[in-house]
Every structure is written in structure tokens, then in C-alpha cells.
Amino acid sequence: MESEKLTLAIQKSGRLSEGTIELLKLCGIKVSNEGNHLKALAEGFPLEILLLRDDDIPQYVADGVADIGMLGMNEVLEKDKKIDVVKYLGFSKCRLSIAIPRDAKYTGIESLEGKRIATSYPVILEKFLEKKNIKADIHSISGSVEIAPGIGLADVIFEIVSSGGTLLSNGLKEVDVIMKSEAVLVAYPNLTESKKKLLNKLLFRIEAVQKAKSNKYILLNAPENKLNEIVKLIPGMKSPTILPLAQKNWFSLHSVISEDDFWNVIDNLKSAGAEGILVVPIEKMVL
Ligand code: PRT
Ligand code: ZN
């Protein structure tokens, strides 16, 4: 159907908003959220946007009220609804960790036996403790979990950590990372064929953005007698572009290199005789 739209649920405001809007923008989708509305319009893709608290997104997607959603993997696991995780999005990264008062002892997960643990993630914690066969007293609280040990409400906390600053300022130390989290794209499991097509179109754009982020465009100059060796170091998407320079026996090579082994490749290129190396970001990458 020509006019069909996907309904996307995103966080109204909070730690996910910036990354979400930025990713959509890189996908060519502009969200205009003027005023305090529940819905926003999107330009550049057939999307209707619902602006929600992140806690509510799993239920909206499980019910099919929203076709897709963007939220933290921690919230997906905590709410435990029947929804599909279709893509890891790479922003709002954090970890869910065990933390204890600075002077307390911890020798491993077994140290949690019989302890009072404060958390805003009771479902994840309960499953974890059950798997490890540990009995503890879980106190579910919805905010400021870090103050619980200080006011005598708990011995231990299980909470999101990012920089570690909040733990530090509450006299706590991180002793075990239980899981890592980042923003994910989730979907209603029973999307119609036409909505699945739209979702695939959106995924295609997200993947092009992600590939571009993890790669760089490289330009360099090389003498003719070093070309073969240098070409092997920067194979690129198919093979590098080689253009003759005005100076005789010199060439310009253009290629794409991965962010992962970036500095190794640069070192090897220099040793192999490459000169005038330029590295520039790529905006989109379609293979
Ligand atoms: O209003 P709404 O319900 O939508 O938002 P919220 O307050 O529940 O969530 P929000 O905006 O705080 O976080 C949304 C999501 O961002 C979380 O579900 C995580 O997936 C992700 N995220 C990434 C974080 C953090 N980093 C983070 N640092 N969520 C929370 N924190 C908090 C944490 O709870 C702790 O109190 O920040 C504190 C720790 O930070 P550091 O840097 O001091 O370690
Ligand atoms: Zn929330």
C-alpha cells in the first residue's frame, strides 16, 4: 500500500533521545517534535513516531500498537515481553553491575548469598541469581538505587553504570559486570508483509550508516615500485582505485579501511613507502 507507515516508538526524553534522533537523521529521517506531544511526524521515511517513556516501549511493541521501537537492551530484558530484537544500534552503551560499599568485601557472586540487593532491574537480577543458585533478598526500587546502602536499605546494589561517577560519589565500588547493554531496534513479531518490507528498508539505511561509521576513506601517494605491496594492505571494497599523479612514476591510491585495525594499517602503509596519507570519514556505505 502506497500510504502505509511504520509506527516507531522512541523515548520522549532521556539518555536514549540524542542517539535515536542522531541515528534517524543519518538515515535521512527528520523528526519534528514540537511541543509536548505523544506523536511526532517524520520526514524522509513513512514513519509515525510515538514519544514514550522507555519503560512503556516493550508493551506498545508487544501489543502491536507500535510496529517497532528503539530502547535499551536492559529494558527489553527487564520487561520480558514477546518482541523481536532486530538490530543492535551501538549507542547509549552501559553495563548492569553489582556494586558494594567501598570497604565491603567481595570474593565473587557467592558473596551475594543472603544479602539485601537494591535494584531497578529485579527481573534480570532474579533470573541471574536463580541461574547461579544464589538466594538473596531483592529490593525493587525505581530510582536513586545508589543511595540504598548508605541509608541502610540494602547491602549491595545492582544498577546501570556508565562512567562510574554515581557509584563513586555514593561511596560504592563496582565489583562485577553482569551484562552489557546498548540501544536496540525491536519489532512486533507479527508484522504484515508490507510492514516487514518497510522495516527492511529502514534496516538497510541503518546498516549503511553503521558500516560507514566503522570504516574510513583513505587516500595516499605511492611510488610505482611499491604499488603491489601497498595494494595488499588496503584491499578496499573490491580493490583500491589507482590514479597516476602528475609526477612521473607516482600514483594516488584510494580505498576503504576498517576502524578496528586502523593504526596497524597506517603503520604498515608508512613502512611500505606510502606518503601523504589522508583519512576521511564516510557518510554512508552501500555495498
Ligand atoms: O523517563 P524514562 O523512563 O523514559 O527514562 P529513564 O529515566 O528510565 O531512563 P534514562 O533516560 O535515564 O536511560 C535510558 C536508557 O539509557 C537506559 O535504559 C539505558 O539503556 C541507557 N543508559 C546509558 C543509562 C545510562 N547510560 C546511565 N548512566 N541509563 C541510566 N544511567 C544512570 C544509572 O541508572 C545510574 O543512576 O546513570 C547513573 C550511572 O551513570 P554513571 O555515568 O555515573 O556511571
Ligand atoms: Zn524509564
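**View 1. Ligand 1 between two domains.** Ligand 1 lies between domain 1 (6-91 + 182-212) and domain 2 (94-180), because both give residues to the shell around it; the domain bounds come from an automatic or database assignment. This is a predicted model, in which local features need pLDDT of at least 70, side-chain atom pairs count only at pLDDT 80 or more, and totals for chains, interfaces and linings use all residues. Residues are numbered from 1 along each chain as its sequence is written, chains are lettered from A and ligands numbered from 1 in the order written, and side-chain values use heavy atoms, leaving out hydrogens and water.

**View 2. The shell of residues.** Here we meet the 22 residues around ligand 1, of which D55, N74, S163, G164 and T166 come nearest (a residue is near if one of its heavy atoms lies within 4 Å). By type, the shell holds five nonpolar, ten polar and seven charged residues, with Gly counted as polar and Asp, Glu, Lys and Arg as charged.

**View 3. Polar contacts of ligand 1.** Now look at the oxygen atoms of ligand 1 and their polar contacts (pairs of N or O atoms within 3.5 Å). One oxygen atom of the ligand is 2.7 Å from an N or O atom in the D55 side chain. A polar side-chain atom of R53 lies 2.8 Å from an oxygen atom of ligand 1. From the backbone, a polar atom of S162 is 2.8 Å from a ligand oxygen atom. Taken alone, ligand 1 exposes 830 Å², and the protein buries 80% of that (Shrake-Rupley method, 1.4 Å probe).

Notes
A polar contact is a pair of N or O atoms within 3.5 Å; within protein, one must be able to donate a hydrogen and the other to accept it, and residues adjacent in sequence count only if both atoms are side-chain atoms.
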